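Please open the model in a viewer and keep the sequence panel visible. The tour below proceeds by selections, each followed by an account of what is found there.

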Amino acid sequence: MLRSALRLHKTIASPLASSYRAVARLHLVPGLPYTVEAGVTPLLSPSALKIIYSDHQTGLVNRLNELIAGTPYEEKAFYEVLMDSARSLNEAQIFNNASQAWNNDFFLRSLSSTPSSMSDALTKRISDSFGSVDVFKREFTTNALGLFGSGWTWLVEDKDGRLVLLNTYNAGSPHHRRRMQREDETATDQDFASQAQSPYSGASKYSAPAKLMANNSYIPILCISMWEHAYLTDYGVTREGRQKYLENFFNTVDWSMVDSRVFRAGGF
């Protein structure tokens, strides 16, 4: 099932993008490609996955249904709810629940307990943007560890087809320029370049620019949840624990899923 992307020739699979109009106007939590009881190893134990999926994700969708009951959003597809509420500062609660649920689903759908490898084409695509796969993983990790508080670290595609890194705080979304919730939104490009010298800043020369032109956004390719509930159960609160969480993340990524998001019909 596909959602309409911001640039019409791009599409990305996500069950949350589908319309649930036929199901009593309620949005539902889609199933996972693995069971909660088994966890998704080596990244998440069953206990951790239960918190992320059974508790958090279900709570987000249920709260969203409460917020949109009796409003025009009740008749809209999930992605439409996310994008339309993003344009209104008066609908922050609707946006936050919709965006967080979309982010969470995108993260969980990127994982698999079955080991996989990058295709040659994906390896080349990442190397073209970062120099090598090892540099990509290092910089992705640096960005994620640099998040102070809860948020998401993303691999995204910009309007020129370049792969870059993006941090969003809280329920920030790469889909809408005004709702990315980036800590650096008031920084200049020069300030951002200076931040990249610090290994703890979450900034990198491979990061998305500090500012975006109007109507610009990103196409998400891969993300990791840096919300405390995602790693606390299995890894604790230390920086070393988060580092291990990120190491295990790369060993749990379903690279065929990532591949399908990068190489889509229509090209770049």
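**First stop: helix 7 and helix 8**

Select helix 7 (residues 228-235) together with helix 8 in this predicted model. Their axes come within 10 Å and cross at roughly 100 degrees. An angle from 65 to 115 degrees counts as roughly perpendicular, and helix 7 is therefore described as roughly perpendicular to helix 8. Which residues of the two helices meet? Display the side chains of A230, Y231 and Y235 in helix 7; these meet G241, R242, K244, Y245 and N248 in helix 8. By type, the residues of this contact comprise four nonpolar, two polar and two charged.

**Second stop: the whole chain**

Now select the entire protein and colour it by secondary structure. Nine helices and five strands are present. Followed along the sequence, these elements give the pattern β-β-α-α-α-α-α-β-β-α-β-α-α-α. The protein has 268 residues, of which 54% are buried. Among contacts with a separation of 6 or more, 67% join residues that lie 24 or more positions apart.

**Third stop: the three-stranded sheet**

Select strand 3, strand 4 and strand 5 next. They form an open sheet in the order 4-3-5, and the pairing is antiparallel. Strand 4 and strand 5 are the edge strands, since each pairs on one side only. On average, and with direction ignored, neighbouring strands of the sheet are turned by 25 degrees against each other.

Examine each pairing in turn:

- Strand 3 and strand 5 are joined in the antiparallel sense by six bridges; T153 has I224 in strand 5 as its bridge partner.
- Strand 3 and strand 4 are joined in the antiparallel sense by seven bridges; L155 stands opposite L165 in strand 4.

Add helix 3 (residues 92-108) to the selection. Helix 3 packs on the sheet, where it touches strand 3 and strand 5, and its direction makes about 85 degrees with that of strand 5.

**Fourth stop: strand 4 and its hairpin**

Zoom in on the hairpin of strand 3 and strand 4. Five residues lie between the two strands, and G161 adopts a positive phi near 85 degrees in this hairpin.

Are the residues of strand 4 buried or exposed? Seven of the seven are buried, so strand 4 is largely enclosed by the rest of the structure. L163, L165, N167 and Y169 point one way, while V164, L166 and T168 point the other way, and all are buried.

**Fifth stop: helix 5**

Select helix 5 (residues 133-145) and measure between its end C-alpha atoms. At 1.5 Å a residue, the 13 residues of this helix should span 18 Å; the ends are 18 Å apart, which agrees.

How many residues of helix 5 are buried? Ten of the 13 are, and the helix is mostly covered. The buried residues are V133, V135, F136, E139, F140, T141, T142, N143, A144 and L145. To see what they pack against, display helix 4 (120-130), strand 3 (151-157), strand 4 (163-169), strand 5 (219-225), helix 8 (239-250) and helix 9 (255-262).

**Last stop: helix 2**

Finally, select residues 78-86, which form helix 2. Seven of its nine residues are buried, so helix 2 is largely enclosed by the rest of the structure. The buried residues to display are F78, Y79, V81, L82, M83, S85 and A86.

Conventions
Residues numbered from 1 in each chain as written. Predicted model: local features only at pLDDT ≥ 70, side-chain atom pairs only at ≥ 80, totals over all residues. Heavy atoms only, no water. Buried < 20%, exposed > 50% of the residue type's maximum accessible area, 1.4 Å probe, protein only. Helix = DSSP H or I, 4+ residues; strand = E, 2+ residues; numbered from the N terminus. Expected span 1.5 Å × (residues − 1). Contact = heavy atoms within 4.5 Å. Pairing = 2+ DSSP bridges. Axes fitted to C-alpha atoms, helices over the stretch in contact; angles between N-to-C directions. Parallel < 35°, antiparallel > 145°, perpendicular 65-115°, else oblique. Nonpolar A, V, L, I, M, F, W, Y, C, P; charged D, E, K, R; others polar.
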